Amino acid sequence: MLATIVTIALPIADRQRSYAFYHDGLGFTAPGEPDKDGVPEPLRLTLGDSIRVMLIPKVGFGWVLSNRKRATPGRSECIISLALPTSADVDDLITRAAAAGAEIIRQPGEQSWGYDGAFADPDGHVWQVAVAGQFMTTWP
C-alpha cells in the first residue's frame, strides 16, 4: 500500500514565530484561512504535491502522543531531508534559513555522499538540504 499524501507533524512553541520562519523566511507555502493570530489554521506547509508539514503547538502535539514523551530540547530523533535541484538551491535555502534565525548545523558543501547542508529551525527540528540524485535517491 502506498500513501497518497505524507504529513510530517512537528511540535512548535509559537505559531507566529514558526509561521514567520517557514513562510516569510524560507518561502514555504502555508495554505488556509488566517486565524485570530493572523496565522493559517491549521498551520501546515506544502512541500510538494504529496508532502505536508503540520506545525502543531506542543499542547496539541502532546494530546496526539497520549502517554508518550516528546524528545527533550536539543535532542533530535528525526531529520527531515529536502532534495533540491542544484547546489545553488541548497546554498540559497541554507542562507535564507540562517537569515530567518535557524541554527546552521552544517554549512553547505561537498560531502562524500554529495552536496548538502543542515539547519535547525527555531524549535530545534533538523532539516538536511541536499542536491537531488546525489545522496537522496530520486524515484520515478
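**R15 and the aromatic cluster around Y22**

Leaving aside its neighbours within four places in sequence, R15 touches D35, D37, V39, P40, E41, L43 and P57 in this predicted model. The residue itself belongs to helix α1, which covers residues 15-25. Helix α1 also holds Y22, and Y22 is among the residues that ring pairs link into a cluster.

**Surroundings of R15**

- R15 has a relative accessibility of 13% and therefore counts as buried, since the limit for that class is under 20%.
- Among the residues in contact with R15 is P40, whose backbone oxygen is reached by the R15 side chain at 3.4 Å.

**Aromatic pairs**

- The count of aromatic pairs comes to six, and one of them joins Y22 and F28 in a stacked arrangement, with 6.0 Å from centre to centre and 25° between the planes.
- Y22 also pairs with W127, where the ring centres are 5.7 Å apart and the planes stand at 55°, so this pair is tilted.
- Because Y22 lies in helix α1 whereas W127 lies in strand β7 (residues 126-131), the pair ties together parts that are 105 residues apart in sequence.
- The cluster linked by ring pairs consists of F21, Y22, F28, F119 and W127.

**Burial within the cluster**

- Y22 counts as buried at 1% relative accessibility, and its stacked partner F28 is likewise buried, with a relative accessible area of 12%.
- W127, the tilted partner of Y22, has a relative accessible area of 0% and is therefore buried.

Key: Residues numbered from 1 in each chain as written. Predicted model: local features only at pLDDT ≥ 70, side-chain atom pairs only at ≥ 80, totals over all residues. Heavy atoms only, no water. Helix = DSSP H or I, 4+ residues; strand = E, 2+ residues; numbered from the N terminus. Buried < 20%, exposed > 50% of the residue type's maximum accessible area, 1.4 Å probe, protein only. Polar contact = N/O pair within 3.5 Å; in protein donor to acceptor, adjacent residues only side chain to side chain. Contact = heavy atoms within 4.5 Å. Phe/Tyr/Trp six-rings, centres within 6.5 Å; stacked < 30°, edge-to-face > 60°.
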